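Got your viewer open? Let's take a short walk through this model, one selection at a time.

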Amino acid sequence: MILRANCKINLGLDILRRREDGFHDLETVMLPVKELYDVVELEPAQGESMLTTKGIAIDCPMENNLCMKALRLMQRLYGVGEARFCLDKRVPFGAGLGGGSSDATAVILALNELYELQLSEEELVAAAAMIGSDTAFFVRNTPQLCTGRGEVMEPIELPLQGKYLVVAKPEEGVSTKEAYSGVKPAMPQVRLAEALQRPIGEWQGLVKNDFEPHIFEAHPLIAELKQMMLDAGAIYASMSGSGSAVFGIFDDEPKLDDVNANYLKIIKI
């Protein structure tokens with residue numbers, strides 16, 4: 001079975017408070033970017049499970065890869081068998097695009113189909129949420145207002161049809177640990193769902209990402225990428241998730257020259 005595991009961007013990300021369990025309560029809107037994806041190929045195996053990779057190099061032990069963690073979870077929960085994977089990694093990691101989370105959800109969805117588990121959406125979301133905060137989103141894979149630690153979702157309509165999306169990532173990445181270590185939780189003056197109901201031209205400065213201040217200080221190139229988007233005519237630009245990828249939303253297809261990024265994609269929404 002072959003699946004496309006697409007990435008996402010975050011429209012706004014408010015860190016509200018630190019929870020007693022060590023996680024943070026947040027509010028964010030996740031938007032799938034289906035044109036940017038990894039390819040996950042999976043088939044049942046008679047012997048031990050095996051993960052092979054190609055594309056962007058992944059430097060971690062096989063058992064630490066989120067695809068393998070998803071398999072082990074489904075084995076514990078539902079008794080599925082061993083599997084053989086091939087992951088064609090195309091979405092950069094350390095980018096805040098959720099590529100690894102999407103890969104893990106693709107494995108969960110594939111195992112549900114291969115083993116005819118007939119799990120409900122609620123059960124799939126619950127399983128995916130055990131892997132990470134972004135993972136549950138990819139079960140629905142439609143625009144969602146996400147709260148809690150990201151696993152509580154509500155569909156949201158966004159006026160983006162016909163716009164252009166530019167996603168850029170510098171060579172450097174940002175770890176989730178680094179992002180959360182410097183964040184300062186606070187309640188926003190305007191809640192995100194309300195802010196996103198305003199015209200897109202009013203989003204800049206109102207729809208914010210609470211990771212940006214300390215990440216931009218530590219990684220000036222990320223801040224420069226965001227400013228480049230705005231200078232090029234973006235009606236809204238932001239860092240996605242915990243970074244280091246930055247995106248811009250444009251009315252018309254932008255002409256971007258000499259962008260200091262090792263990953264750049266332009267997509268019509």
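Start with the two helices: helix 1 passes helix 2 in a right-handed crossing, a crossing being right-handed if the near helix is turned clockwise from the far one by less than a right angle, and left-handed if anticlockwise. Helices here are DSSP runs of H or I with at least four residues, strands are E runs of at least two, and both are numbered from the N terminus.

Before going on, note that this is a predicted model, where local features need pLDDT of at least 70, side-chain atom pairs count only at pLDDT 80 or more, and totals for chains, interfaces and linings use all residues. Residues are numbered from 1 along each chain as its sequence is written, and side-chain values use heavy atoms, with hydrogens and water left out.

**Stop 1: the helix pair.** Select residues 66–78 for helix 1 and 99–114 for helix 2; their axes come within 8 Å and cross at roughly 35°. Those axes are lines fitted to C-alpha atoms over the stretch in contact, with angles running from 0 to 180 degrees between N-to-C directions. Which residues of helix 1 meet helix 2? Show Leu66, Cys67, Ala70, Leu71 and Met74 on one side, and Gly100, Ser101, Asp103, Ala104, Val107, Ile108 and Leu111 on the other. Contact means heavy atoms within 4.5 Å. By type, this set holds nine nonpolar residues, two polar and one charged; Ala, Val, Leu, Ile, Met, Phe, Trp, Tyr, Cys and Pro count as nonpolar, Asp, Glu, Lys and Arg as charged, and the others, Gly among them, as polar.

**Stop 2: salt bridges.** There are 17 salt bridges in the structure, each a side-chain nitrogen of Lys or Arg within 4 Å of a carboxyl oxygen of Asp or Glu. Pick Lys89 and Asp38, whose closest N and O atoms are 2.7 Å apart. This pair joins strand 4 (residues 83–89) to strand 2 across 51 residues. Both partners are buried, that is, under 20% relative accessible area, with exposed over 50% and partly exposed in between (1.4 Å probe, protein chains only).

Next, select Asp88 and Arg90, which form a salt bridge at 3.1 Å, N to O. Asp88 counts as buried because its relative accessibility is 14%, while Arg90, at 39%, is partly exposed.

**Stop 3: Asp25.** Finish in strand 2 (residues 24–44), where Asp25 lies. Is Asp25 buried or exposed? With 15% relative accessibility, Asp25 counts as buried. Beyond neighbours within four places in sequence, Asp25 touches Asp14, Ile15, Leu16, Arg17, Arg19, Gly148 and Arg149. Now add Asp21 to the selection: Arg17, Arg19, Asp21 and Asp25 are linked in a network of salt bridges.
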